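Hi everyone, thanks for making time. I'd like to walk you through a structure that may be new to you, so please bring it up on your screens.

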Amino acid sequence: MKSLSQFLIPLLLPLLLNSYASSAAEVETTAQETVKNQHGKLVWADLYTGDVEASLKFYHDTFGWTVKEFAKEQAKYHLLYDNGQAVAGVLERDSKRNKTDNALWVGSIDTDNVSSRSALAAKNNATIILAPHDFTLYGKRSVLADPQGGVIALLELDLTNKNHKKISNKWDWAQLFSTNTKQAALFYQDTFGYTLEPINAKKESFFLIQAEMVQASIVKLPDSFEQRDRWVNFIEVNNLSTILSKATSNGATIIYQPENRGLAIIADPNGALLGLTQQESE
C-alpha cells in the first residue's frame with residue numbers, strides 16, 4: 001500500500017487545508033441557507049458490514065461511539081453517536097455482494113432533490129442500488145454506483161425534521177479514487193451540478209465545487225490497486241495519535257499516515273477504509 005501514501009501526499013493535504021479555510025469563513029445563516037450552502041458536501045455515512053457485532057465493537061472501543069438500535073424493515077439499523085450527536089449508521093450486508101470488501105463505508109452527500117438527481121444519475125449510466133426512499137431520521141435518501149463503480153449515497157435533508165440539526169458535523173472530506181478521473185468528473189458535474197476545477201496542470205485530478213465551496217475531489221487510482229473506483233470519507237477526531245493507537249490495538253491497519261500532517265487512512269478489521277483528520281483546536 002506504499003504507493004497510496006506517495007499518491008496522496010501532493011493531493012490530499014492541499015484539499016484538506018482548503019476545506020478548513022472555507023469552513024473558517026462561515027457566517028451565521030438560517031436553517032434553509034445552511035442546508036443550501038452544504039449541497040454537495042459529505043454530511044453522513046453508513047457502514048455496510050458482513051459482521052455487525054464486530055464492527056460495532058471496533059468503533060465503540062476505538063472512537064468511544066455509543067450505539068442505538070432501530071428496526072429497519074427486516075434488518076436492524078444501528079445509529080452510532082459521538083458525544084450525543086448521531087454520526088453514522090451501521091447495517092448488515094452480504095459480504096459476497098458485488099465481490100467487494102467485507103465492509104464498506106458509504107458516504108452521503110447533501111443534495112437538493114434526491115428523486116430528480118437519482119433519475120438523472122440513472123440516465124447518465126449510474127446503477128441505482130437503493131431507490132429514493134424516506135430516511136425516517138433525516139429526510140430522503142438513495143444509494144447508487146456511478147458508471148465506474150464508485151458507491152455514494154444522496155441525502156435530502158428535511159427542514160421540518162429537527163433531527164437533522166443533531167447530526168454530527170465531523171464528516172470532513174470525501175475523495176474519489178478513480179480509474180478514469182476525467183470521465184468521473186464529467187459524471188459528477190453533469191449529474192449533481194458540481195463545478196470542476198483541475199488540481200494539476202495535467203488536468204487529471206479535480207476539485208468538486210458546489211455552493212461556492214470545495215466539497216470533494218477526484219484523483220487517479222494507482223495502477224497497483226484493484227481497478228475499481230472507490231470513495232474514501234474523512235472524519236475529524238479529537239486526538240489522531242490516540243485514535244490510531246486504539247485502532248491498531250483493536251485490529252485495524254494504518255494504510256496511510258504522513259508525519260506531522262494530522263491525517264491518516266485506516267482499514268478497519270473488516271476492511272472498510274476510513275479517513276481521519278485531526279480536529280482543529282478552537
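Let's begin with a term: a salt bridge here is a side-chain nitrogen of Lys or Arg within 4 Å of a carboxyl oxygen of Asp or Glu. Please keep in mind that we are looking at a predicted model. By that rule, the count comes to four salt bridges, and I'll show you some of them.

Take R117 and D112, whose side chains meet in a salt bridge at 3.0 Å, N to O. Is R117 buried or exposed? R117 has 19% relative accessibility, and the cut-off for buried is under 20%, so R117 counts as buried. Its partner D112, at 40% relative accessibility, counts as partly exposed.

Now find D61 and K57. Their side chains also meet in a salt bridge, at 2.9 Å from N to O. Where do they sit? Both are in helix α3, which covers residues 52–63, and they are four residues apart, about one turn of the helix. D61 is partly exposed at 30% relative accessibility, while K57, at 54%, counts as exposed.

The next pair is R141 and D46, with a salt bridge of 2.8 Å, N to O, between their side chains. Here R141 belongs to strand β7 and D46 to strand β1, residues 42–49, so this pair ties together parts that are 95 residues apart in sequence. Both R141 and D46 are buried.

Since we've arrived at β7, let's look at its neighbour. Strand β6, residues 127–135, and strand β7, residues 139–145, run antiparallel and are joined by six bridges. Between them, a hairpin makes the connection through three residues. If you want a spot to zoom in on, D134 stands opposite K140 in β7.

Last stop: helix α5, residues 181–192. How far apart should the ends of its twelve residues be? At 1.5 Å a residue, they should span 16 Å, and the end C-alpha atoms are indeed 16 Å apart, which agrees. Which residues of α5 are buried? They are T181, A184, A185, F187, Y188, T191 and F192. Looking down the axis of α5, you'd find these buried residues within an arc of 160 degrees, so they line one face of the helix. Just after α5 comes G193, with a positive phi near 80 degrees.

That's the tour. Thanks for listening, and I'm happy to go back to any view you'd like.

How values were computed. Residues numbered from 1 in each chain as written. Predicted model: local features only at pLDDT ≥ 70, side-chain atom pairs only at ≥ 80, totals over all residues. Heavy atoms only, no water. Pairing = 2+ DSSP bridges. Helix = DSSP H or I, 4+ residues; strand = E, 2+ residues; numbered from the N terminus. Buried < 20%, exposed > 50% of the residue type's maximum accessible area, 1.4 Å probe, protein only. Expected span 1.5 Å × (residues − 1). Arc of directions from axis to C-beta.
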